[in-house]
Every structure is written in C-alpha cells, then in structure tokens.
Amino acid sequence: MAWEPQALPPEVREKIEPPPNSQLRHLTKTLCANKHLSSKLISLMQEIRHVFFFEIFNRTDASGLSNIEYEMFLMKAHEMEYELLDYPYREPEAEGVSDKDILKENPIESVARLTALSYFNSCFVVSPPEFGTGRAITKHLKDALAKCVVQPLSEQSHEDRSLLAWAAFISISGAWDQTLRKWLVEVLHNIIVLQYWRSWEEVESVMHGYLYAGQLHGHIWRKVWFEAQSFSSICEIDG
C-alpha cells in the first residue's frame with residue numbers, strides 16, 4: 001500500500017459508534033470468537049467494524065458525515081480491502097510457498113476473508129454481481145465454501161456452521177448465475193436444518209455477531225431466508 005494506515009481520531013470513533021443498546025454492538029464478536037481464524041484476520045475484522053459503523057451512520061443519521069469524515073471513511077475502507085487481499089501472502093508461513101497453495105491450509109479462514117471482501121464489494125465498491133470483481137469474488141467464495149462442505153455439515157461445529165451460513169447469505173445476495181445460486185441456497189437450507197433455526201428473527205440475532213446490519217441488508221437477507229427455508233419443497237415441485 002502506498003501509505004501508512006492511520007488510526008481514526010477518537011472524536012470520529014465516538015461519533016459513529018452505535019448506542020450501547022444497539023444490536024450493532026455485537027458486530028463481528030461471534031465471528032472473531034471462531035477458533036479457526038488467525039489472529040491477523042481477527043484483528044482486521046475488529047477494524048472493519050468501524051468501516052461498517054461509518055457506513056451505517058452515513059446512511060441512517062440525518063446529520064451524516066462531513067466531507068473530511070467521508071474521506072476518512074473511504075480511506076479506511078480501501079485500507080481494509082487491501083489488507084484482506086494481501087495479508088495471507090505476507091504471513092511468515094507463506095514464505096517459499098506458491099501463491100496457489102497459500103490459502104489451502106485453512107478453508108474456514110478463506111471463507112471468512114472472502115466473505116468480508118464480498119461484503120466490501122457490495123457495500124463500498126458496488127461492482128454489479130454479473131460483472132468483473134463481483135462475479136470473480138462470488139466464484140472464489142463458492143470454491144472456498146465447497147472446500148468446507150467436503151466434510152459433512154453434520155460433523156462440523158455449531159460455530160463453523162453459523163459462519164458458513166453468514167457466508168452463504170452474502171454469496172446468495174451477490175450470485176448472478178442461477179446454478180450457483182441454487183447450490184448456495186441448498187447449502188444454506190441444510191445449515192438451517194442442522195442449526196434448528198425456526199424463524200428469521202432467530203437467524204438475524206445470530207448474524208448480528210458477524211458482519212450484518214439489519215438497517216441496510218435485512219430486507220434482502222430476509223428474502224434469502226425464506227428462499228432457503230422453502231428449498232426442499234421447491235425441489236420436490238421441480239422434480
């Protein structure tokens with residue numbers, strides 16, 4: 001990166017922080033508690049929280065951001081996107097390893113990293129899902145998810161299935177190809193069954209611990225939930 005990342009001024013952090021009783025206070029807490037994530041990715045996710053606080057404040061608060069604050073927001077978003085893309089290749093264990101082999105060791109970490117990138121792409125870069133960056137990220141994320149579900153979902157931990165559900169929600173929201181979308185919806189449906197989730201409100205309370213803002217994305221994810229819930233009956237009709 002061409003510049004050294006700067007910490008946000010305390011007064012800006014205080015301005016964009018959600019109130020103490022907000023569900024947004026739980027943002028990334030469950031995600032960062034996953035034992036399969038590296039300390040570097042956890043550190044990045046904690047920083048990414050503030051990018052999302054920026055975004056939510058700017059969209060929902062009548063006062064919005066000043067021009068200088070908005071520049072800080074864009075700068076921080078670019079910094080986090082760069083770090084998500086680059087950090088695996090800077091880790092000590094990556095030395096002497098080919099690029100294609102670096103990401104093979106930890107599929108859960110790859111899914112979390114690519115899901116965060118996909119979220120950045122949809123929120124801040126706004127690349128249409130059927131073109132360029134959006135389509136490429138969705139394809140890479142699908143490949144990472146496929147590596148995770150090689151092991152039966154029923155044999156995976158509750159926390160890993162919740163993380164994969166979060167990834168599936170974001171992937172489905174950005175999936176343009178209908179064959180890919182159907183595969184992702186089936187994965188999410190199977191997770192829903194294994195997690196014993198019975199209502200959207202129950203799922204939403206879990207997603208608040210990842211990267212999810214109901215004010216911005218709830219209406220889309222709720223539709224995805226109903227689509228995944230009815231997946232088996234749709235398949236029976238199609239068959």
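**A tour from helix 9 to helix 8 and helix 11**

Select Arg-181, which lies in helix 9. Helices (H or I, at least four residues) and strands (E, at least two) are DSSP runs, numbered from the N terminus. This is a predicted model, in which local features need pLDDT of at least 70, side-chain atom pairs count only at pLDDT 80 or more, and totals for chains, interfaces and linings use all residues. Residues are numbered from 1 along each chain as its sequence is written, and side-chain values use heavy atoms, with hydrogens and water left out.

Is Arg-181 buried or exposed? Its relative accessibility is 19%, so Arg-181 counts as buried. Buried means under 20% relative accessible area, exposed over 50%, and partly exposed in between (1.4 Å probe, protein chains only). Now show what surrounds Arg-181: leaving aside neighbours within four places in sequence, Arg-181 is in contact with Ile-172, Ala-175 and Glu-227. Contact means heavy atoms within 4.5 Å. Add Lys-142 to the selection: C-alpha to C-alpha, Lys-142 and Arg-181 are 9.6 Å apart in space, and 39 residues apart in sequence.

Next, stay in helix 9 (residues 178-195) and select Gln-195. Gln-195 has a relative accessible area of 5% and is buried. Not counting residues up to four places away in sequence, Gln-195 touches His-158, Arg-161 and Ser-162.

Move on to helix 8 (residues 158-174). At 1.5 Å a residue, its 17 residues should span 24 Å, and the end C-alpha atoms are 25 Å apart, which agrees. The expected span is 1.5 Å times one less than the number of residues. Of the 17 residues of helix 8, 14 are buried, so the rest of the structure largely encloses this helix.

Now add helix 11 (residues 214-229), which packs against helix 8 at an angle of about 105°, with the axes 10 Å apart. Axes are lines fitted to C-alpha atoms, for helices over the stretch in contact, and angles run from 0 to 180 degrees between N-to-C directions. Helix 8 and helix 11 are therefore roughly perpendicular to each other; this term covers angles of 65 to 115 degrees.

Which residues of helix 8 and helix 11 meet? Select Trp-166, Phe-169, Ile-170, Ile-172 and Ser-173 in helix 8, which meet Ile-220, Trp-221, Val-224 and Trp-225 in helix 11. The residues of this contact divide into eight nonpolar, one polar and no charged. Ala, Val, Leu, Ile, Met, Phe, Trp, Tyr, Cys and Pro count as nonpolar, Asp, Glu, Lys and Arg as charged, and the others, Gly among them, as polar.

Finally, show the whole chain, with its 12 helices and zero strands. Of its 239 residues, 46% are buried.

Conventions: Parallel < 35°, antiparallel > 145°, perpendicular 65-115°, else oblique.
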